[in-house]
Amino acid sequence: MSRNGLITGMGMRLTTTSTLSPFEQLGLHMYDILGDGGILKEVVRSGEGPPVPLNASVIMYYSGYLEYSSHPFESTAHLKYPPMMKLGRDVTLAGLELGLLTMKKGEFSRFLFDPQYAYGEMGCPPLIPAAATVLYEVQIVDYLDSGQVDEFISMSPEEQNSVPLATLFEVINTLRSFGNRCFNQSRYGHAKDRYKQAVTLLRNKNEQSELETEKMNVALLPLYLNLSFTELRLESPQKALKYGKKALEIDSANTKALFRCGQAYYELGEYESAQDCLMAAQSKKPLDSNINNLLKKVALAFKDSLDKEKDMCLKMFSKLRSPVQT
């Protein structure tokens, strides 16, 4: 078994003495999910939580096999970060999409797809022969209910404002999860887009009460912090500072916001401002190694900057004192 939980090759419960074909033998251990025999499933490792919803975006490892072949004709098992695939758009195999809708987060299952749920009577030459039954091994890493996001974004501003706040927050959390997934894969531009989209949706909401405003700020704070961190990774310290300050407008004592501002000021060469932010953060978390290490860097850079400024002034004054040659 590979590190992703997928079987490398056809190392499954097959016997060589049976008159049944390999896929027929596998089918004996599977159940029919539709009732027409076209999609058979075996759960190798159970998942948890609700099954994948319609129109979700799924992060999964998968490998597809032809009968009698020990090598997959397609696979994501070798990838460190499998792609996020949207049902109905990126997942185009009918059987795979229907199979995914029966799976839960963390689940690892095998599926046998008859041709009508796979590549049809024509196949997909040269990889897939005509009328081929195919085996897919699938592991769900995670999924996001992007269908709800798509539906919300398609609404008019008036319709969005009529939606309950709880529903808006579900959409925001999904977008933030998308952004976090992209950030963890070092896709910082995509992460930034998701975070900004979430901020825009929150800002477009007409606030009804002081309590609602407070809840909106609670939702905005982590988005501003994430945007600040993302801009730092994108080497845009000025924008990182902007979002860090927005976070401080919501919570002036927020340690992460103070730290992000300190990082941004450091990258901008504004060492005194960086020191002020980091010392404020340190007063709240005196043992935080990230804060303390950056404070040391800032102190050294500040001293070096002052020394260079002092040397420059001395050179200027020495030129002024030099006697004029006649």
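Colleague: What is the expected span of a helix?
Modeller: The expected span is 1.5 Å times one less than the number of residues in the helix. Helices (H or I, at least four residues) and strands (E, at least two) are DSSP runs, numbered from the N terminus. This is a predicted model, where local features need pLDDT of at least 70, side-chain atom pairs count only at pLDDT 80 or more, and totals for chains, interfaces and linings use all residues. Residues are numbered from 1 along each chain as its sequence is written, and side-chain values use heavy atoms, with hydrogens and water left out.

Colleague: Why should H5 span 28 Å?
Modeller: Helix H5 has 20 residues (165-184), so at 1.5 Å a residue the expected span is 28 Å, and its end C-alpha atoms are 28 Å apart, which agrees.

Colleague: Which residues does Ile 172 touch?
Modeller: Leaving out residues up to four places away in sequence, Ile 172 touches Ala 198, Leu 201, Leu 202 and Leu 223. Contact means heavy atoms within 4.5 Å. Ile 172 is also one of the buried residues of H5, where buried means under 20% relative accessible area, exposed over 50% and partly exposed in between (1.4 Å probe, protein chains only).

Colleague: Changing topic, is S4 enclosed or open?
Modeller: Largely enclosed by the rest of the structure, because 10 of the 10 residues of S4 are buried.

Colleague: How many bridges join S4 to S9?
Modeller: There are 10, and the two strands run antiparallel. Two strands pair if DSSP finds at least two bridges between them. Gly 64 stands opposite Tyr 136 in S9, and its bridge partner in S5 is Glu 74.
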